[in-house]
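Welcome! Open your viewer, switch to the cartoon view, and keep the selection box handy as we go from stop to stop.

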Amino acid sequence: MGLEERRSDRYVMPFESDTSLSLRKAAREVTLDIEVRIIDVSERGFGIMISGVNRDFLRMYDHLWIKSIDNRPLHDHLYGTILYVEPKGYFLKRGDMRLGVSLNEARSWEMFEHLKKKANLILSA
């Protein structure tokens, strides 16, 4: 199964940026919130990085709730699914992983505009 074709631009966060998401796995068992670093953002999702310590916390096709972005709580939590997992990359520390989170629907919201302004590179669809 291939990845769905990207329909909107992707905005890459500066490497030294500490822009993050607070998320919670959508599971029946009680889970804790986890803070992850945003690598890039688009209208339909996020590229995130998780540390090697948390690498077993999220897996392909896990569903999750995004509770805050860049330390700003969201009024309406965003629902997403992990659709991409890459354990290797030139910028990753040993054990870290890059994940792609697809939101359940495309959104154009104030926080997206805030993140676009922080980006240092735009990758066209």
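## A walk along the strands

Start by selecting residues 45–50, which form strand β4, together with β7: these two strands pair in the antiparallel sense, with six bridges between them. Keep in mind as you look around that this is a predicted model.

Now zoom in on G47 of chain position 47 in your viewer's list; across from G47, its bridge partner in β7 is G100.

Next, select residues 97–103 to highlight the whole of β7. Is this strand mostly covered or not? Show the surface and you can check: six of the seven residues of β7 are buried.

Then add residues 72–86, strand β6. Here β6 and β7 also run antiparallel, paired over six bridges. Click on G100 once more, and you will find Y84 standing opposite.

From β6, move on to β5. Which way do these two strands run relative to each other? They are antiparallel, and six bridges join them. Select I69 and look for R72, its bridge partner in β6.

Stay here for the turn. The hairpin of β5 and β6 has two residues between the strands. In this hairpin, pick D70, which takes a positive phi near 55°.

For the last stop, select residues 63–69 (β5) along with residues 20–25 (strand β2). How many bridges pair them? There are five, and the pairing is antiparallel. To see one contact between these strands, select L23: its bridge partner in β5 is I66.

While you have side chains switched on, keep a general rule in mind: in a regular strand, they alternate between the two faces of the sheet.

Key
Residues are numbered from 1 along each chain as its sequence is written. This is a predicted model: local features need pLDDT of at least 70, side-chain atom pairs count only at pLDDT 80 or more; totals for chains, interfaces and linings use all residues. Side-chain values use heavy atoms; hydrogens and water are left out. Buried means under 20% relative accessible area, exposed over 50%, partly exposed in between (1.4 Å probe, protein chains only). Helices (H or I, at least four residues) and strands (E, at least two) are DSSP runs, numbered from the N terminus. Two strands pair if DSSP finds at least two bridges between them.
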